[in-house]
Amino acid sequence: MSSHRQRLSPPEAKKVPFLMEIFGDKRLDNYHWLRDAGRDPDVQRYLELENKYAESIMSETNGYEFALFNELKARFKEDDISVPVRVGSHYYYQRRYLSKDYVQYCRRFIPNNEAPPSVYDIMPTGPDDPPEEVIIDEEVIKYKNSLENYRITAFKVSPNNKLVAFRENCGTVCVIDSETGAPAEKPIQGCLEFEWAGDEAFLYTRRNAIAEPQVWFHKLGEEQSKDTCLYRTREDLFDLTLEASESKKFLFVKSKTRVTGFVYYFDVSRPETLRFLPPWHLGIDMFVSHRGNQFFIRRSDGEFRSDVLTCPVDNTFETTVLIPHRERVRVEEVRLFADHIAVYELEEGLPKISTYCLPPVGEPLKTLQGGRTVDIFKSELCISRIHGIRDSQFSSSILRICFYTMRMPFSAYDYDMNTGISVLKKKETILGGFDESNYVTESKRAYASDGEEIPISIVYRKNRVKLDGSDPLGVMILAVGFSWDGDCGPSSYSNSIASRLTILDRGIIFAIAHVRGGDEKGKQWHENGKLLNKRNTFTDFIACADYLIKSNYCSEDNLCIEGGSAGGMLIGAVLNMRPELFKVAVADVPSVDVLTTILFYPRKRDLEEWGDPRMEQFYFYIKSYSPVDNVKAQNYPNILVRTAYQDKLVPFYGPAKFVAKLRDMKTDDNLLLLKCRSDGGHRQMPGSVGRLRQQQQDAFKYTFILKALNMIHAPGSEQSRN
């Protein structure tokens with residue numbers, strides 16, 4: 001028996017197993033009692049026991065972990081701001097301090113704000129310029145009101161720049177005077193999303209007592225009890241989202257599932273009702289923008305086609321196709337301006353932005369003219385990820401583009417659509433002599449058993465890695481490149497390259513497997529990794545691991561894997577399928593008890609992604625890969641599982657059950673740790689909002705990996721950084 005099971009005495013041995021039978025299949029769950037977190041004190045004691053056990057195992061490397069934390073911390077500036085965004089007469093931005101978890105929302109006045117915007121504009125910060133105004137300080141609000149884990153989740157300026165509305169993480173929307181900070185309105189309770197509807201009203205979404213999504217209209221100065229409900233749906237299948245048009249003249253209410261979305265539009269000048277926006281068909285997802293007397297619609301459908309069309313505001317059935325569907329091209333985003341349209345596309349998974357001139361408002365628009373491709377990605381194109389085309393003023397010709405790559409930190413450019421000139425506005429600062437030219441990026445392809453090409457993005461440091469198989473420390477960390485709904489998530493493209501440098505500078509290679517189930521190669525790529533195609537996700541990942549080993553990037557003795565959320569489920573699945581292939585595994589907030597979870601809580605969005613296990617075909621298919629259901633008596637690699645007690649999307653008891661069953665059944669003596677945070681939820685793992693807490697989490701993870709690899713004291717493992 002493994003010593004890592006002998007040293008833990010979980011109370012589940014006293015519990016009565018839970019028997020489930022469906023379609024003649026009997027499943028005995030010895031750990032079902034963990035779900036009773038609110039009523040069973042043994043659950044909390046068990047989690048505390050797991051945390052203490054993890055602390056005891058890692059105690060001998062506390063000094064190393066602390067040194068690693070200091071190394072991570074030293075790469076960040078103490079005081080940093082986000083990219084300033086011009087709104088009317090001011091620049092707005094967020095200020096963060098390394099030593100604090102909280103954010104200040106600030107602005108600066110633009111003295112010559114009547115001049116047209118230019119890519120060369122910079123925010124005035126000199127001693128003779130207007131001073132910084134701190135509109136909201138999260139930390140002040142927290143301590144003033146004795147709140148824990150206070151966060152602002154949305155911050156929006158009124159069109160006339162006089163008011164600011166912000167949503168707190170408790171669901172309250174507050175409205176304050178942007179000059180004085182004084183409350184301008186009684187707080188609105190229970191809001192999920194909100195958007196300004198002119199200067200004196202806004203729309204917001206909420207759910208009623210039986211969780212029905214609703215849209216409400218609120219006029220400033222009136223009691224919330226007098227608000228008007230504009231729309232409700234009795235189908236929990238649909239979620240409601242709000243989005244303001246770039247022109248600020250319309251708001252769009254989108255009712256959507258994962259495969260279908262239809263839109264209602266709200267005229268700010270005529271706030272009586274919502275109007276339905278055709279054309280709509282089952283299986284079509286829609287995103288709408290507005291300019292002049294026309295709506296611009298980006299569509300994608302169940303056959304994985306995407307196009308852009310336009311229609312008159314007063315006759316939405318009269319449509320004109322501006323960008324037709326093209327094979328292997330997916331239109332990701334459209335941004336409208338007074339005289340231009342910017343289109344962000346993925347072609348064979350590679351990002352591309354094109355801009356086009358638009359005729360004067362009122363003139364017929366049948367085709368797009370003057371197309372220009374934005375060229376700021378250069379050689380990084382194959383591994384770039386565009387963060388967005390956003391924060392741009394409708395009346396200007398300046399497009400804001402944000403992106404990052406495997407070796408380049410977050411960068412923001414302003415691009416002049418008239419001249420083609422781009423100017424860097426901000427690049428994430430990494431201290432400690434960082435030079436991106438010291439790092440190499442590669443794009444490779446592995447082949448699945450059905451012949452499909454699986455892209456792999458790779459980064460490593462020059463002169464620290466040998467790819468001929470002769471490197472005794474040849475170590476690789478292979479991550480999965482998608483999140484819960486198929487989008488490329490934080491696990492695949494870190495919003496800070498600085499954290500990854502800690503392992504790259506030690507000679508470790510980092511790679512991302514872009515398996516089916518993600519969106520890197522378009523919607524079809526996602527569809528081929530969901531429902532009854534879900535196993536493609538796992539076998540693709542294994543194919544990537546086999547390829548990297550055969551290509552001398554690493555060996556089985558030095559291959560580490562990590563993933564979070566749905567990617568964490570992938571980690572659990574491949575550990576059951578091919579445990580001998582890996583040395584270390586890290587799973588963050590992993591959805592490893594997927595079969596039982598969906599049976600007990602059949603959320604419609606999950607049914608669309610995984611299938612409905614109340615149907616026999618899906619039941620046995622999901623059971624064939626559900627990590628908890630497939631743990632068996634075999635050797636497993638070193639494993640770290642992290643979860644959060646407050647996680648609502650992937651409750652903690654799934655990861656806890658996975659670890660408990662591994663302890664009972666695995667036949668090796670490798671490390672197996674469960675870390676359960678008492679604060680934070682799904683979106684705050686593996687780190688937290690504060691950068692210091694994020695770095696603490698990263699330091700623990702990297703220390704675990706290096707400890708499992710016996711690299712902490714290995715000769716050459718602590719090479720000085722150049």
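A residue is called buried here when its relative accessible area is under 20%. Cys311, at 0% relative accessibility, therefore counts as buried. The model under discussion is predicted.

**Cysteines**

Cys560 is likewise buried, its relative accessible area being 1%. A disulfide requires two cysteine sulfur atoms within 2.5 Å. For Cys560 the closest cysteine sulfur belongs to Cys554 and lies 8.4 Å away, so the two are too far apart for a bond. By this rule the structure has 0 disulfides.

**Aromatic pairs**

How many aromatic pairs does the structure hold? The count is 26. A pair of aromatic rings is described by the distance of the centres and the angle of the planes. Two of the pairs are set out below.

| Pair | Centre to centre | Angle between planes | Class |
|---|---|---|---|
| Phe262 and Tyr264 | 6.0 Å | 65° | edge-to-face |
| Phe403 and Tyr413 | 6.0 Å | 20° | stacked |

The class follows from the angle: planes under 30 degrees apart count as stacked, and those over 60 as edge-to-face. With 65° between its planes, the pair of Phe262 and Tyr264 is therefore edge-to-face. The 20° between the planes of Phe403 and Tyr413 makes that pair stacked.

Are the members of the edge-to-face pair buried or exposed? Phe262 has 11% relative accessibility and so counts as buried. Tyr264 has 17%, which also means buried.

In the stacked pair, both Phe403 and Tyr413 are buried. Phe403 belongs to strand β28 (residues 398-404), while Tyr413 belongs to strand β29 (residues 411-416), so this pair ties together parts that are 10 residues apart in sequence.

Elsewhere, Phe194, Trp196, Phe202 and Tyr204 are linked by ring pairs into a cluster.

**Charges over rings**

Two tyrosine rings have a charged side chain over them. The charged end of Lys100 sits over the ring of Tyr97, at 5.2 Å from the ring centre. Over the face of Tyr102 lies Arg151, 4.5 Å from the centre of that ring.

**Surroundings of Val313**

Where does Val313 lie? Val313 is in the loop that runs between β21 (306-312) and β22 (320-323). Along the chain, Val313 and Phe295 are 18 residues apart, yet their C-alpha atoms are separated by 6.0 Å. Phe295 is also one of the residues in contact with Val313 when neighbours within four places in sequence are left aside. The others in that list are Phe250, Tyr265, His290, Gly292, Asn293 and Gln294.

How values were computed:
Residues numbered from 1 in each chain as written. Predicted model: local features only at pLDDT ≥ 70, side-chain atom pairs only at ≥ 80, totals over all residues. Heavy atoms only, no water. Phe/Tyr/Trp six-rings, centres within 6.5 Å; stacked < 30°, edge-to-face > 60°. Buried < 20%, exposed > 50% of the residue type's maximum accessible area, 1.4 Å probe, protein only. Helix = DSSP H or I, 4+ residues; strand = E, 2+ residues; numbered from the N terminus. Lys NZ or Arg CZ within 6 Å of the ring centre and 35° of its normal. Contact = heavy atoms within 4.5 Å.
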